[in-house]
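Visitor: Could you take me on a close look at one part of this model, the open sheet in the second chain, and then show me what lies around it?

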Amino acid sequence: MADVTRMKPPLSDEDILKLKIGDSVLITGKIYTARDAAHKRLFELAQKGEKLPIDLKGNVIYYAGPAPTKPGYIIGPAGPTTSGRCDPYTPTLLAQGLKGMIGKGVRSKEVRDAMQEYKAVYFAATGGAAALISKNIKAVKIVAYEDLGPEAIRELEVENFPVIVANDAFGGDLYQEGIKKYKR
Amino acid sequence: MEANYYLGDDVIKAFKDGLKREESATGKDILNQLLQNAEIAKQEDIPICQDCGFAVVFLDLGTEVYVKGNIIDAINEGVRKGYTEGYLRKSIVSDPIKGKNTGDNTPAIVHTTLVPGDKIKITVAPKGGGSENMSEVRMGKPADGIEGVKDFVIDRVLRSSANPCPPIVVGVGIGGTFEYVAFLAKKALLRNIGERHPDPFYADVETELLQRINKLGIGPMGLGGRITALDVFIETHPRHIASFPVAVNINCHVARHKTAII
């Protein structure tokens, strides 16, 4: 593995502007899980100008809905889900100060543009490596929307969670660049 | 439960073979993570992926078998038990528009085929949503021929890009009707990695498609690289003279299926 950058949320504009596509990053600290169902609720609150159940400023959202926790475990397997389903809601959350997103798969042009405008990054985690990723999660607490089950918002305490910068705040897109580089 | 905990040896071998051929450092890291992940899941009896899938069941029912009671209810009871006791994620919503999570991952999708004999063969293939969403049925023209099929498959994989969790397995159905071709593509995914179609013509098409897909550059998790697909499987059926149905069903790298014969 190439050079690894270590990041601890909350993230500042300065932290974000250090990151370029393809960078390997290890995240330690607090992040929040939210899938599209939770996004829809956050989006609707933000549109009405109401207070959100979590403060997004400088924070990182992880698109994930873990499997149930086996007795003796901190959390069930918890890999990333497809980020694209959150795209319609994401620019609004970025405007609220969200700085990082962790997921898998490509983002819409609207999201990529908003990332440049509000200075944010999108990290790719390894989809399907859910059992492995769960070992980087040291504590978990449901903080909102418990009724959504696996889709509830959870605060995770992570340690050295390995991710790769897929979209940076300069408009870079590793999904496009990667294909360009390896296409035969 | 076993299908969700233990990844098949064929897939593990495909990851290891892929590791030798992958050119991207990131791609190699990801393949190594997938191998580690499969090992952890197996050692600890925990799911490989948090998306434990829609329980898709292929039921081959021998015509000489007498089943007392409702076999579909029995299958759903098995799914309920497996997903609850096995700490598997429940991902099924009771109604597509108005529904809530059913809480036990039922109902299963059951494809029943009557076969000769006195045995029941049950194959469970839990299917994740991310890759299912990248699948497609196309009603083409007979003039499209095999080249049209190849172009459609390549285009579908290219448009799916990173979303279905590559390296993927690609199931292709050709022929039949609108609904049957999708079933064929799903059934194709039950084959083990490396298992070629018995007809040399389609076996060659499978090999060619796999090579072409692995030249697209998508790579593991779509971050660029060589290993985009682990295999391509084709299933065919007679068609109407006017129709040319083609279906592509994509599976993520967690190519799970488990069979029992009673």
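Guide: Happily; here is a walk through that sheet and then outward from it. A word on the ground rules: this is a predicted model, in which local features need pLDDT of at least 70 and side-chain atom pairs count only at pLDDT 80 or more, while totals for chains, interfaces and linings use all residues. Residues are numbered from 1 along each chain as its sequence is written, and chains are lettered from A and ligands numbered from 1 in the order in which they are written.

Let's start with the sheet itself. In chain B, four strands make an open sheet with mixed pairing, in the order β4-β7-β5-β6. β4 (136–140) and β6 (229–239) of chain B are the edge strands; each has a single partner strand, so one side of each is left without a neighbour in the sheet. From one strand to the next the twist averages 15 degrees. Helices (H or I, at least four residues) and strands (E, at least two) are DSSP runs, numbered from the N terminus, and two strands pair if DSSP finds at least two bridges between them.

Within the sheet, β5 (residues 168–176) and β7 (residues 244–251) of chain B pair in the antiparallel sense over six bridges. If you want a spot to click on, B:Gly171 has B:Asn249 in β7(B) as its bridge partner.

Next come the helices that touch these strands. Helix α6 (residues 145–160) of chain B lies across β4, β5 and β7 of chain B, at about 35 degrees to β7(B). Axes are lines fitted to C-alpha atoms, for helices over the stretch in contact, and angles run from 0 to 180 degrees between N-to-C directions. Contact here means that the C-beta atoms of two residues, placed from the backbone, lie within 7 Å.

Helix α7 (residues 178–188) of chain B has as its buried residues B:Val181, B:Ala182, B:Leu184, B:Ala185, B:Lys186 and B:Ala188. These pack against β1 (54–62), β4, β5, β6 and β7 of chain B. A residue is buried if 20 or more other C-beta atoms lie within 10 Å of its own, exposed if 12 or fewer, and partly exposed in between, with C-beta atoms placed from the backbone.

The loop between α6 and β5 of chain B deserves a pause. It holds B:Ser161, whose phi is near 50 degrees, a positive value in a residue other than glycine. B:Ser161 counts as partly exposed, with 19 C-beta neighbours inside 10 Å. B:Pro167 sits in that loop between α6 and β5 too, and the peptide bond from B:Pro166 to B:Pro167 is cis, with omega near 10 degrees. Most residues other than glycine have a negative phi, and most peptide bonds are trans. Elsewhere in chain B, a cis bond joins B:Thr106 and B:Pro107, with omega about 0 degrees; B:Pro107 is in the loop between α4 (71–85) and β2 (109–115) of chain B.

Now for the core. The largest nonpolar core has 121 residues, and those with the most contacts inside it are A:Phe123, A:Ala166, B:Val170 and B:Val172. Such a core is a set of buried Ala, Val, Leu, Ile, Met, Phe, Trp, Tyr and Cys residues joined through C-beta atoms within 7 Å. Leaving out residues up to four places away in sequence, B:Val170 touches B:Val153, B:Val157, B:Ala229, B:Val232, B:Val248 and B:Ile250. β7(A) gives the most to the core, with eight residues.

That brings us to the other chain. The contact takes 39 residues from chain A and 41 residues from chain B. On the side of chain A that touches chain B, α5 (130–134), β7 and α6 (174–182) of chain A each supply at least two residues, and α6(A) has the largest share, seven residues.

Last stop: helix α3 (residues 25–44) of chain B. The buried residues of α3(B), among them B:Ile30, B:Leu31 and B:Leu34, pack against α5 and β7 of chain A together with α1 (2–5) and α2 (9–21) of chain B. Just after α3(B), B:Asp45 takes a positive phi of about 55 degrees.
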